[in-house]
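Trainee: I would like to take a close look at one single part of this model and follow it step by step. Could you walk me through it once the structure is in front of us?

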Amino acid sequence: MHNFTRLVRSAFLLPIALCAADKPNVILIFADDLGYGDVGCFYQDSPFKTPRLDRMACEGAMLTSFYVPTPYCAPSRGTILTGRYPFRHTVVRNTAPDVGVNNIGLPQSEITIAELLKEQGYATAAFGKWHLGHRPQWMPRKQGFDEYLGILYSNDMYPVQLVENEKVVEYPIPQSNLTQRYTDRTLEFIEENKDRPFFIYLPHAMPHKPLAASDNFYTPETRDNLYADTIAELDHCVGEILDRLKQLKLDEKTLVIFTSDNGPWYGGSSGGLRGMKGLTWEGGFRVPMIARMPGTIPSGVVNYHPAGTIDMLPTVCALAGIQPPGDRTIDGRNILPMLKHASAPSPHEAIFVMKGSKLAAVRVGKWKLHVA
């Protein structure tokens, strides 16, 4: 049955006349618990400095009404990779090995961005937090990734083990090195695959608690504000990736997206929005989103219409010239027009938010229904 599903799927993946040399690269950066107000360009009173993200927004597009499908980790991760709401991909709660919640994972029958692009000749990698199942049948390389390095769940769940592909390679691990380590591996993968199209999924650990920053960013004189140090390092590492793309002349060939899996926890900023992580008010599931691809996305675009992480898969498909899967419901839509034009409307009649398996909120234009 599994092989049959794969055969049916491939029948719907008809390339639209893009040769290998023309295929765009994609880097999807997914911060963990980063709030709407944690990025300076989204909130003028942000307590944090994010010069590289602010510059990235100036050079590309900002979506200011961008939503995740739940105000917490795992379901958001399933959605950004599949373009489907959690009730469809079935990951509606977090796996947590330290409390015995082990039987949750993204089914192999689901189709990820990585699988779609790999079938088109892309090199694919995931570096960072997975949280879509930590048992063998749910590991990243079962979902289209050639390489994986990271923690298979949240960094506050034990054991905190660094896994490479399917093998534990380090335990315990110094979490202060994670942001730079994931970035360094990303830079290496870019160098190794600069002559072929690639897709990198970079789900960072920070600023999820426990917070940790490397020696280059830890400020002992303000040790009560470690959150700011983690944001500064995250911002710097995004800049490193953009700089390397420019050095390799891949700048105009690479779509870089930066967003977050849900709103902030304690220490972060919701940018004046009500609520935080775990709550179904705006602060829990409205997140910053920046997209940059010089020559394709104009500089300085600010679009206020609603969109969400459900839109990443069909948007990447449109950019790469391939069709999204036709054998299942894809809730997302191609939002490239929104990234190119500030006035482009949302392709959605409504954006839905869940908590667990239940509907929690609906955004329709300038209106919102709050259910729970």
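In which sense do β2 and strand β11 pair, and over how many bridges?

Mentor: Please keep in mind that this is a predicted model. Strand β2, which covers residues 61–67, pairs with strand β11, residues 307–308, in the parallel sense and over two bridges, and within β11 the residue that bridges to Tyr67 is Gly308. β2 also pairs with other strands, among them strand β10, residues 301–303, where the sense is again parallel and there are three bridges; here Met62 has Val302 as its bridge partner. With strand β9, residues 286–292, the pairing of β2 is antiparallel and runs over five bridges, and Leu63 finds its bridge partner in Met289. As for its surroundings, β2 is mostly covered, since seven of its seven residues are buried. When you look at the strand on the screen, it may help to remember that in a regular strand the side chains alternate between the two faces of the sheet. To read the pairings one after another, you could begin at Met62 with its partner Val302 in β10, go on to Leu63 with its partner Met289 in β9, and finish at Tyr67 with its partner Gly308 in β11. Taken together, β2 is a strand whose seven residues are buried, with an antiparallel pairing to β9 and parallel pairings to β10 and to β11.

Notes:
Residues numbered from 1 in each chain as written. Predicted model: local features only at pLDDT ≥ 70, side-chain atom pairs only at ≥ 80, totals over all residues. Heavy atoms only, no water. Buried < 20%, exposed > 50% of the residue type's maximum accessible area, 1.4 Å probe, protein only. Helix = DSSP H or I, 4+ residues; strand = E, 2+ residues; numbered from the N terminus. Pairing = 2+ DSSP bridges.
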